[in-house]
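Reader: Could you walk me through this one, and tell me how each label is earned?
Author: Gladly; here it is.

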Amino acid sequence: MTPGNGAIMAKAQGEQPLGPFNANAFEGPSIRKKREVPDGLWMRCPECESMLYRKVVVENLDICPECSCHFRVNARRRIAQLADPDSFEELFADVAPCDPLDFKWLGQSYADRLRKEQVKTGNTEAVLTGIGYIKGRRAAFGVMDGDFLMGSMGSVLGEKITLLIERATQDKLPLVIVCMSGGARMHEGALSLMQMAKTSAALARFDDAGGLFISLLTDPTTGGTTASFAMLGDVIIAEPGALIGFAGQRVIANTIKAELPEGFQRAEFLLEHGFIDMIVPRKDLRSEIARLIDYTQKN
Amino acid sequence: MAKVGNTNGDSGNHLPFEREIAGLHKQITALEASQVETGRNYFSEIHQLRATYVSLLRTTYQNLTPWQMVQVARHPKRPQSRDYINLIVRDFMELHGDRRFADDKAICCGLGRIGGEKLLLVAQQKGRDTKEKIACNFGCAHPEGYRKALRTMELAQKFGLPVVALIDTAGAYPGIGSEERGVAEAIARNMLEMSRLKTPIVVIVIGEGGSGGALGIGVGDRIAIMEHAYYSVISPEGCASILWRTGEKAADAAEAMRITPRHLKSLDIVDDIVPEPLGGAHRNPAEAANNLERYIVRTLRDLSRKPVDDLTGRRYERWRRMGRFTHITQNAEAQVLAAAPQ
């Protein structure tokens, strides 16, 4: 085992399962457990187990060159992959989380956890919002960050998405939201739940104003995020193999007391059941989104 | 007919924290029985015991812990939507089916009159006896339930009828069929459409307000909760099993998530709290229904005074305010970024 890989393993084992609604969306029972491997020259594909040179993977948009498994991508990298170079201008970065319930559990506090997540990711919350260009077309972008408390939706995520929708409504911009979330954030209680309604209400106004909303579902999109803006796109695109669902797989398995069918809640499953428009490999996302924008804009 | 709980008291189904109350109740009933049997007069003893009983009930219910609140909200004899329909809705006409897949009995929709006002009722029903519980899937709706609710609400909009939604669910059903038929989409669509429905909507959480499954019929102009109900982002057991790693810490999770009506009001999540009779709605369903009826009539009268465009605008503003956060300076933001590994 290379030293680099050893460090990766240690991190994977030391990592504690975090909080939100569908923690199991991130923990399993999927065979693809850890995708993001920040350190080390080499990494192993969780799907086909090939040893991969990290630089090659990054140049390949975080897709396994051997089996095309789409690894998870954090928000900053996603923007770099999706938007035209240096075109993204971040907005609403000043909206920051607090600990409104003074939430504590097992000697930990939400306020402390937030600080740790901020230091870990370099972001103040689990979403980046702003305006950028995609193949020369101007659009409002919201990109969720799975590294920050599993992309869970609390007050700030809901507020930033809502502010973005309102800006897109006002400026008549196409709206692209990249979803990656474990669901609503428990540490803010019902305040998190209400973000589902707030963002949906903002989308109703965006819809009334004739705006185009492209929802891009990436692995994983679950819980309250799926049951709000993620499923409200005029066009819904998913990345191949992405886990997309409302209830967590373990919860369902425990409820029905049976094994879940193969491929349940994967992007392909949703396509077959009629809940997404298309599955688009990461390499084609820019061109497909640009094409959609062209089709829906006058002239 | 309405099968409501025991209307004048307390026999059976005591909650774990009501042991002392139950003991007092037993003594009172025993004395009353022996009065009848022996012909002796225990009037003053009974009077005294009653006074103790009432004051104990009052202090207990005024100081329920969040977990006790959950237990009351789930009490097997707590009045359910059908009980309230029988008690306060006149001339009820149930409307069935989503016109897509099935008729989900976990959500009951229908036309009726409350206090003379014509309206559409959308109500989650858990079921009372085993047969009804199974038919209603214990109040856990499938996507077709949410789609039936939306279909009937659009009907209400068309004919200018206000909507009253009663929430009482542990959550939407976590099953294969539910996911296959897009429960997430159904809930999301309902919230979006309810936010712009051109007719007044009053929502009351009468028992359990379980997460997205509750919110799927829960967007409106005025949101109320009954005094001993709760509303939460996840069940206390679910939260405990994730954060505390054991469902047995549900009481701690209930406490931490601030799920009681008082907390929810202080966070502006609910607008009003509907009072319950002494010792909870299950001890006197008729009085609970009266309180509910009064609240609905008063609120609808209030809302119907406003022009519809004004109404949806205010509704948007109400929901727009949801959440608690701060604004940081660029300086503080830079500190966060500087601390981050590059």
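Reader: In what order do the seven strands of the open sheet of chain A run?
Author: The order is β3-β7-β8-β9-β10-β11-β12 in chain A, with mixed pairing. Please keep in mind that this is a predicted model, where local features need pLDDT of at least 70, side-chain atom pairs count only at pLDDT 80 or more, and totals for chains, interfaces and linings use all residues. Residues are numbered from 1 along each chain as its sequence is written, chains are lettered from A in the order in which they are written, and side-chain values use heavy atoms, without hydrogens and water.

Reader: What makes β3 and β12 of chain A edge strands?
Author: β3 (89-91) and β12 (278-279) of chain A each pair on one side only. Pairing here asks that DSSP finds at least two bridges between two strands.

Reader: How do you know that β8 and β9 of chain A pair?
Author: Four bridges join β8 (residues 137-144) to β9 (residues 175-181) of chain A, against the at least two required. The two strands run parallel, and A:F141 stands opposite A:V176 in β9(A).

Reader: And how many bridges join β9(A) to β10(A)?
Author: Six, and these strands run parallel. A:S181 has A:T221 of β10(A) as its bridge partner.

Reader: Why is β10(A) called largely enclosed by the rest of the structure?
Author: Because nine of the nine residues of β10(A) are buried. Buried means under 20% relative accessible area, exposed over 50%, and partly exposed in between (1.4 Å probe, protein chains only).

Reader: Why are α4(A) and α11(A) called roughly perpendicular?
Author: Helix α4 (residues 75-82) and helix α11 (residues 285-296) of chain A pack at about 65°, with axes 9 Å apart. Roughly perpendicular covers 65 to 115 degrees (under 35 is roughly parallel, over 145 roughly antiparallel, the rest oblique), so the label applies to α4(A) and α11(A).

Reader: Which residues make that contact between α4(A) and α11(A)?
Author: A:R78, A:Q81 and A:L82 come from α4(A), and A:L285, A:R286 and A:I289 from α11(A); contact means heavy atoms within 4.5 Å.

Reader: How do you know that A:C67 is in no disulfide?
Author: A disulfide is a pair of cysteine sulfur atoms within 2.5 Å, and the nearest cysteine sulfur to A:C67, that of A:C45, is 3.6 Å away. The count over all chains is zero disulfides.

Reader: Is A:C67 buried, exposed or partly exposed, and why?
Author: Its relative accessibility is 29%, so A:C67 counts as partly exposed. B:C108, at 1%, counts as buried.

Technical notes
Axes are lines fitted to C-alpha atoms, for helices over the stretch in contact, and angles run from 0 to 180 degrees between N-to-C directions.
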